[in-house]
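Please read the following report alongside the sequence and the coordinates. It moves from a sheet to helix packing and then to individual residues.

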Amino acid sequence: MADALSAPDIRSGRLTPEDYLENFDDLHPPLGAHEASVEADRCYFCYDAPCTIACPTSIDIPKFIRQISTGNPVGSARTIFAENILGGMCARVCPTETLCEEACVRNLAEDKPVQIGLLQRHATDIYLSQTERHPFERAPETGRKVAVVGGGPAGLACAHALARRGHAVTIFDARDKIGGLNEFGIAAYKSTDDFAQFETEFVLSIGGIVVECGKALGRDIALADLRRDFDAVFLGMGLAGVNALRTDGEDLAGVIDAVAYIAELRQAEELSALPVGRKVVVIGGGMTAIDIAVQIKRLGAEEVTIAYRRDREAMKASAYEQELALTDGVVIREWLQPKRLLGEAGHVTGIELERTAEDDAGRLSGTGETMTLQADQVFKAIGQSFVADPLGAGDVPALEGGRIRVDGDRRTSLADVWAGGDCVAGGEDLTVAAVEDGKVAAAAIHAALSA
Amino acid sequence: MANLSSNFIGIKSPNPFWLASAPPTDKEYNVVRAFKAGWGGVVWKTLGEDPEVVNVNGPRYGAIHGRDRNLIGFNNIELITDRPLEVNLREIKRVKRDWPDRAMVVSLMVPCEEQNWIDILKRVEDTEADGIELNFGCPHGMSERGMGSAVGQVPEYIEMVTRWCKQHTRMPVIVKLTPNITDIRKPAQAAKAGGADAVSLINTINSIVSVDLDAMAPNPTIDGRGAHGGYCGPAVKPIALNMVAEIARDAATHGLPISGIGGVTTWRDAAEFMALGAGTVQVCTAAMTYGFKIVEEMIDGLSDWMDEKGYTSTDQFIGRAVPNVTDWQQLNLNYVVKAKIDQDACIKCGRCHIACEDTSHQAITAMKDGERHFEVIDAECVGCNLCVSVCPVEDCITLEQMTEGVDPRTGKPINPAYANWTTHPNNPNRVMDAAE
């Protein structure tokens, strides 16, 4: 088979400028005013609404929808922001099909939930585009200081909630701008027009938040120093590690970490400058696998195949996301695990995959049968891991399953350190869950500082 | 296909669907289009004396919309025809000549002087129209000049003008009533006393459809100000049905032919008016919303329903519901129902629960064994129908009659006998048995 492999075909600028604009335009165009009004009217204003229960941040969904319905979108957005200050981004990136919209009672009646995500976007878009004023007023300064490590969704939500209560917050972020995965991770077609930065500025406009970029924990700042200099610390640094395939050939050129590539894509001035293979294989079954597969296809790759070791049902990417990929022409192949990366002259040319099977106990094993896919690029999207080293040595938060252990208040084993977002154990790896972590932690920090 | 033909006070039409006196019947062009579309008859837009009236040059209509812009209620401040009398008469004559099988009724409104009525009646007779309708209902503009509802609100005037018309024309006389009164039976009785062949109702209801909160003025707003207008459309149907029924079951007017008007939009609306005693129905808002084509659905729908029920002519069901319209005090107090929720159909929105819990009888659970579950508590349920009304799923909640056993709410055994308020022990004015 090896001799059938051709030299790598990796190029930039595979498409016309118009193609890039179209392919990376808003995945879900926003609702027009009339559409929103009609859609809002579909909400039954349920008692003890299942959608609100399903929302990790407990947004009062029936209320905000009713406010849209009555011609008060600004008030509607205020209802959303009251529970989720990143409600604008969550409206774009939440897997609503497994959260609020899955819980919508209309599914039982007609399999067609109220489009809660799009309605939330409608209200927040109107607020953010028409109102200069921040929706909340900051309480008088308390004189207390809190350090927030990581300016992603968890850190931003925590910082905002603390600043609102009058505390002085400093956000430290390792990158050159804050936003975390909203800025560097979300698929481009879900957050168009630089929305992540726009929203970040909106969050910071509450006042009382200082941002220090280019400050990485364990490199430029130390947890011990933060604990000394601040009244409380919130850790929301996400996952810095990327899981390895642990197969031969992983160091070949063209074998790429999907997370890093997406970050590059999100920051790219010109999408046409990105290197894109003609034949691409993606290894993994989560949201990152879908995001890289769809985006590389939309960048002009001809053949994109996701290889996953179990079946589609077991994929962490929702059925909706899988559909998105399939619609874009991505092939999803099940029951395949990477065995060996093939290469020529230091560059990947293909991947040998082994068929897998599951026994009665659900354990996965290779069957010995293999197959080979040609590839100019192979993307690794098999998960990320928490890197604990930056926490330092000695008096550090206890871990659980490789991530930071927290209690219901998101407090770590250290009395003055809280944590949230992807870096904590038991998380859901969702923007909206990170926001809730930050919100809950802020309430607990405030209670502790007010005691 | 059932026979839909109608003979209403001697006025024949191929079906009972007439267009009401309103903009759709203001001129030959529209009426011919209506007849081509299949309408059984028209009441030509109200004629008055020359010089013709003038209308505002700003908006005439206001609307209440549903969320998807479906038109629920409609109001207008348009006056009677603003075209010269002679032009209208000429067109009426021509249309009647060209469409002899259709009902041609002419609506009239002139000042309350006998000679004025004599003059216009003669001219209308010359058109060969089938009948006249006296517009005693228009609630705006004309009423300020002592006509329209200003007449309709004074039974003595109704009787007087009706008598003049009966005296001075061979044409059948329909008296159109205004709903802007306290007891619709009084003007109907007056019309009958004056010799009216029929009444038609309802005309439009005094209304302000909405307020422009920027202009701080009623809609429709004309140069910063607005006036009340006549309300119509689907929203007024319940008011109209009740008024039709009141006249149909009043001993003094029982049997007086009625042409039913008020929010008729579908064949079913028409059938409901007819069940309450209307011999024909008149339509305006639905036509102004969708155009004349809607009559096709009305004709087909009524015919299909009649076939299904075995009615071969409209006479067989006109007035059939009237005997079942009664007063509250005649309702059977021994009739006990309980709401029942079909758990397979329930989508668990909880609206029944919160409506009952917050505003009624605390008779629906929200939880059972820790699960979201909505179930009626018979011991609390009074059978009020609120849950049925607010449930978004059709037929999910039904009211089931208790025919035996003990009502768990009252602890009293179900009594199969009929008993009403007139004999109830709590009624201080109850009818006593001779023995008591």
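## The barrel of chain B

In chain B, the eight strands β3-β4-β7-β8-β9-β10-β15-β16 form a closed barrel with parallel pairing. The model is a predicted one, in which local features need pLDDT of at least 70 and side-chain atom pairs count only at pLDDT 80 or more, whereas totals for chains, interfaces and linings use all residues. Residues are numbered from 1 along each chain as its sequence is written, while chains are lettered from A and ligands numbered from 1 in the order in which they are written. Helices (H or I, at least four residues) and strands (E, at least two) are DSSP runs numbered from the N terminus, and two strands pair if DSSP finds at least two bridges between them.

Neighbouring strands of the barrel sheet are turned by 25° against each other on average, direction ignored. Angles between elements otherwise run from 0 to 180 degrees between N-to-C directions, with axes being lines fitted to C-alpha atoms, for helices over the stretch in contact. Strand β15 (residues 258–261) of chain B runs parallel to strand β16 (residues 278–283) of chain B and is joined to it by four bridges; here Ser259(B) has Thr280(B) of β16(B) as its bridge partner. Helix α8 (residues 267–275) of chain B packs on the sheet, where it touches β3 (17–19), β15 and β16 of chain B, and its direction makes about 145° with that of β16(B). Contact here and below requires that the C-beta atoms of two residues, placed from the backbone, lie within 7 Å.

Another part of the barrel is centred on strand β9 (residues 173–176) of chain B, from which Val173(B) and Val175(B) point one way and Ile174(B) and Lys176(B) the other way, all of them buried. A residue is buried if 20 or more other C-beta atoms lie within 10 Å of its own, exposed if 12 or fewer, and partly exposed in between, with C-beta atoms placed from the backbone. In a regular strand, the side chains alternate between the two faces of the sheet. The pairings of β9(B) are set out below.

| Strand pair | Sense | Bridges | Bridge partners |
|---|---|---|---|
| β8(B) (residues 131–135) with β9(B) | parallel | four | Glu133(B) and Ile174(B) |
| β9(B) with β10(B) (residues 198–201) | parallel | three | Lys176(B) and Ser200(B) |

A cis peptide bond with omega of about 10° joins Leu201(B) and Ile202(B), and Ile202(B) is found in the loop between β10 and β11 (205–207) of chain B. The peptide bond from Asn219(B) to Pro220(B) is also cis, with omega near -10°, and Pro220(B) lies in the loop between β13 (217–219) and β14 (229–232) of chain B.

## Helix packing

The axes of helix α3 (residues 114–125) of chain B and helix α5 (residues 155–168) of chain B come within 10 Å and cross at roughly 40°. That crossing makes α3(B) oblique to α5(B), because angles under 35 degrees count as roughly parallel, over 145 as roughly antiparallel, 65 to 115 as roughly perpendicular and the rest as oblique. On the α3(B) side the contact involves Glu114(B), Trp117(B), Ile118(B) and Leu121(B), which meet Val161(B), Trp164(B), Cys165(B) and His168(B) in α5(B).

In chain A, the axes of helix α4 (residues 61–69) and helix α5 (residues 73–83) come within 7 Å and cross at roughly 170°, which makes α4(A) roughly antiparallel to α5(A). Lys63(A), Phe64(A), Gln67(A) and Ile68(A) of α4(A) make this contact with Pro73(A), Gly75(A), Ser76(A), Thr79(A) and Ile80(A) of α5(A).

## Individual residues

Arg165(A) lies in the loop between α10 (153–164) and β3 (168–173) of chain A and is buried, with 21 other C-beta atoms within 10 Å. Not counting residues up to four places away in sequence, Arg165(A) touches Ala139(A) and His446(A).

Asp193(A), in the loop between α11 (181–184) and α12 (195–204) of chain A, has a phi near 55°, a positive value in a residue other than glycine, and is exposed, with 9 other C-beta atoms within 10 Å. Lys348(B) has a positive phi of about 65° although it is not a glycine, and counts as partly exposed, with 19 C-beta neighbours inside 10 Å.
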